[in-house]
Amino acid sequence: MIALSVRDLSLAIGRTNIVDAISFDVAPGEVLALVGESGCGKSVTAQAIMRLLPAAIRQTGGEITLGATSLSNLPARAMRDLRGRQIAMIFQEPQSALDPLATVGNQIAEALRQPLAKVRAEVRQMLVEVGISDPDRRIDQHPFELSGGMCQRVMIAIALIARPAVLIADEPTTALDVTIQAQILALLRRLAAERQTAVVLITHDMGVVADIADRVAVMYAGRVAETGPTAAVFATPAHPYTALLLASIPRLSDVPKSALAVIDGQVPQPADYGAGCRFAGRCPRADRRCVAETPALRPVADGRLVACFHPVGG
Amino acid sequence: METILEITDLCVHFPGRGGAPVRAVDGVSLHIAPGETLGLVGESGCGKSTIANAAVGLLAPTSGRVVVAGTDIVGASPRLLREVRAQVQMVFQDPITSLNPRMTIGTAIGESLLVRGRAAGAALRARVGELLQEVGLRPDHADRYPHQFSGGQRQRVVIARALALRPALLVCDEAVSALDVSVRAQILNLLVALQARYGMAMLFVSHDLAVVRHVCDRVAVMYLGQLAEIAPRDALFASPRHPYTRALIAAVPDPDPAVQRARVSVPLVGEIPSPANPPPGCRFHTRCPVAVARCAVDVPALRSVGAAMVACHLA
Ligand SMILES: Nc1ncnc2c1ncn2[C@@H]1O[C@H](COP(=O)(O)OP(=O)(O)OP(=O)(O)O)[C@@H](O)[C@H]1O
Ligand SMILES: Nc1ncnc2c1ncn2[C@@H]1O[C@H](COP(=O)(O)OP(=O)(O)OP(=O)(O)O)[C@@H](O)[C@H]1O
Ligand code: SF4
Ligand SMILES: [Mg+2]
Ligand SMILES: [Mg+2]
């Protein structure tokens with residue numbers, strides 16, 4: 001069974017493509033990580049799924065399906081009904097995503113579209129589930145009275161109280177300290193499993209992916225470079241970008257001061273994407289074909305798909 | 001012992017919103033030997049940047065001593081400060097705000113040499129070209145403006161500018177935190193190579209433990225304005241003595257799913273208290289998994305345990 005399916009999603013600003021035919025599926029209770037460097041199109045993909053794209057960005061192709069419902073041609077009103085109930089989202093900056101003028105309890109009740117007085121017990125229980133201590137006091141407080149980690153817990157409570165089938169979390173821990181990040185990741189993992197929520201977790205941190213994701217899609221410059229089970233992708237990365245990215249990260253286990261693998265150059269801007277493989281300009285394995293043709297995602301070992309003419313180890 | 005930076009009993013208190021001052025740094029002592037890299041880690045708001053700013057004289061301490069290359073810079077005359085500044089340079093997180101958008105990068109890099117009369121004209125231009133090459137850029141980049149570079153290239157420019165006077169100490173405050181992963185590796189390799197080549201000391205401030213372990217010789221762990229532990233890198237990571245150091249290391253997710261999932265780490269509970277109202281006793285006791293009654297009352301002194309200095313009653 002599939003909770004969320006994204007097929008060949010393409011997005012553009014004017015005539016400039018920013019996301020090119022990306023596809024992925026997420027099953028109930030599964031965590032899929034969408035990982036990639038700044039500007040590769042993670043957040044706009046999430047906004048497209050939620051049908052909350054900024055005015056400047058257009059969907060130029062593709063199909064998004066939530067359970068059995070195709071979202072692409074859904075009227076705006078029906079989409080509004082789905083949001084929150086079937087599919088919910090949390091963001092990087094919890095403080096700014098919350099309404100500064102409404103109490104925690106009112107904001108969570110709002111997600112149930114009920115007055116707080118009617119659902120207070122349920123809201124309180126949700127605060128307990130997301131690990132907020134002293135829920136009876138917190139329920140009537142405002143966001144400014146809470147720390148960043150607590151605000152993110154409140155966001156998770158808002159997102160999950162209506163038991164949506166799909167949760168999209170865009171860098172939910174990037175603004176938080178590591179010890180708080182560990183708490184939030186453990187919480188997301190537990191709730192996804194208990195409630196069988198399908199989670200799309202957006203991050204640029206390979207450590208977060210390794211910690212929580214069942215499967216991963218590595219994005220580069222608006223395309224999926226490689227996707228598959230997290231363990232397989234990390235153990236034997238097949239795309240040259242994935243391999244170099246993993247080798248360029250300092251780890252607690254590496255030799256201090258040893259040279260890290262380097263990817264020459266920098267991530268291209270959408271206006272410079274050009275024809276061919278978008279990694280070709282930085283890729284040590286690139287040849288003439290890579291510059292001219294776009295590699296399609298095709299299967300390699302261990303249930304993986306990779307978009308490369310010359311995959312590592314193949 | 002010869003030191004390039006010696007900080008003694010440093011306190012920096014800021015006026016707080018509701019009366020109580022923010023005790024951003026509260027009695028920290030540390031030193032850096034010539035050529036050594038000291039890492040400064042800890043969670044947001046623990047006082048890392050405040051220490052970095054005090055070390056370069058950008059901020060006047062509430063009390064304590066800051067001695068740079070033998071000169072006490074607290075209350076030093078502007079002339080003396082200016083001389084000391086030639087020995088200490090700083091690189092910040094955001095390269096775009098630390099460069100003047102209307103100045104070519106060649107002018108920015110050469111400015112300190114020109115102002116101090118170290119070089120001018122063709123010699124200055126040649127020296128700027130050398131500096132650009134040292135950081136992996138080209139001499140002909142000198143005539144470009146900051147907006148014509150990527151974030152990683154701008155950080156190289158900032159590093160070249162900091163190197164111009166051949167400082168004895170480079171203070172890096174989250175110098176790689178805003179960079180993409182693939183570019184961060186380039187800059188880390190550059191810093192390690194430059195340090196080996198010139199033997200300059202570094203105070204390397206970061207919230208990223210893996211990065212700190214990669215570049216530093218010794219590491220200081222801060223919690224709420226104070227040192228929890230300071231130790232040689234390998235001792236700190238192999239046998240962390242302070243419960244906070246242990247929690248911090250355990251919370252760094254390993255980018256290897258097999259390793260990460262085999263770890264049995266219990267996340268710390270609780271939130272970080274406010275530095276305007278730090279807990280009594282050990283400041284960490286409200287979140288400490290092994291705290292005993294005494295921890296809520298007695299302030300643990302920093303004392304030496306093995307190769308480390310640790311502020312914990314149970315260490
Ligand atoms: N509102 C917008 N208007 C114009 N361009 C945008 C807008 N939002 C995103 N873009 C562009 O679309 C591309 C993809 O951006 P996106 O925000 O999805 O990146 P991301 O992968 O989420 O990056 P980050 O890790 O920095 O959050 C980028 O080139 C970005 O500049
Ligand atoms: N100019 C200032 N006025 C008032 N309070 C300040 C000032 N500068 C810093 N603080 C406070 O002092 C404490 C320490 O801040 P500092 O910037 O040194 O922390 P940090 O460890 O560098 O954190 P981060 O990891 O977020 O950069 C914080 O509580 C901060 O809010
Ligand atoms: S397709 Fe070519 S350029 Fe792209 S990653 Fe593979 S080898 Fe490199
Ligand atoms: Mg984003
Ligand atoms: Mg700081």
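**Sheets, a ligand site and a cavity in a predicted model**

The lining of the largest cavity comprises seven nonpolar residues, one polar residue and two charged residues. This cavity belongs to a predicted model, and its surroundings offer a convenient point of entry. The space in the largest cavity amounts to about 90 Å³, and the count of cavities of 30 Å³ or more comes to four. The residues that line the largest cavity are A:Y220, A:R223, A:V224, A:A225, A:H239, A:C277, A:R278, A:F279, A:P295 and A:A307. Strand β10(A) supplies the largest share of this lining, namely three residues.

Strand β10(A) leads from the cavity to a sheet of chain A. That sheet is open and has eight strands, arranged in the order β6-β7-β8-β3-β9-β10-β12-β11, with mixed pairing. Its edge strands are β6 (87-90) and β11 (298-300) of chain A, each of which pairs on one side only. From one strand to the next, the twist averages 20 degrees. Within the sheet, β10 (residues 223-229) and β12 (residues 304-306) of chain A run antiparallel and are joined by two bridges. A:T227 has A:L305 in β12(A) as its bridge partner. Elsewhere on this sheet, helix α7 (residues 148-160) of chain A lies across β6 and β7 (166-170) of chain A. The direction of helix α7 makes an angle of about 170 degrees with β6(A).

Ligand 3 can be considered next. There are 13 residues around this ligand, and those that come nearest are A:H239, A:C277, A:C283, A:C290 and A:C308. By class, the shell around ligand 3 contains 10 nonpolar residues, two polar residues and one charged residue. A:H239 and A:C277, both named among the nearest residues to ligand 3, also appear in the lining of the largest cavity.

Chain A also contains a hairpin formed by its strands β1 and β2. Strand β1 (residues 4-13) and strand β2 (residues 16-26) of chain A pair in the antiparallel sense over seven bridges. In this pairing, A:L11 stands opposite A:V19 in β2(A). Two residues lie between the strands of the hairpin, and A:G14 takes a positive phi near 60 degrees.

Chain B has a sheet of its own. Four strands make up this open sheet, in the order β2-β1-β4-β5, and the pairing is antiparallel. Strands β2 (22-32) and β5 (71-72) of chain B stand at the edges; each has a single partner strand, so one side of each is left without a neighbour in the sheet. The link from β4 (residues 63-68) of chain B to β5(B) consists of two bridges, and these strands run antiparallel. Here B:V67 stands opposite B:D72 in β5(B). Helix α1 (residues 48-55) of chain B lies across β1 (5-14), β2 and β4 of chain B, and runs at about 120 degrees to β1(B).

How values were computed
Residues numbered from 1 in each chain as written. Chains lettered and ligands numbered in written order. Predicted model: local features only at pLDDT ≥ 70, side-chain atom pairs only at ≥ 80, totals over all residues. Heavy atoms only, no water. Pairing = 2+ DSSP bridges. Axes fitted to C-alpha atoms, helices over the stretch in contact; angles between N-to-C directions. Contact = heavy atoms within 4.5 Å. Near = heavy atom within 4 Å. Nonpolar A, V, L, I, M, F, W, Y, C, P; charged D, E, K, R; others polar. 1 Å grid on protein atoms, 1.4 Å probe; cavity = no way out; pocket = protein on both sides within 12 Å on 5 of 7 lines; lining within 4 Å. Points joined across faces, edges and corners; volume = space filled by probe spheres on them.
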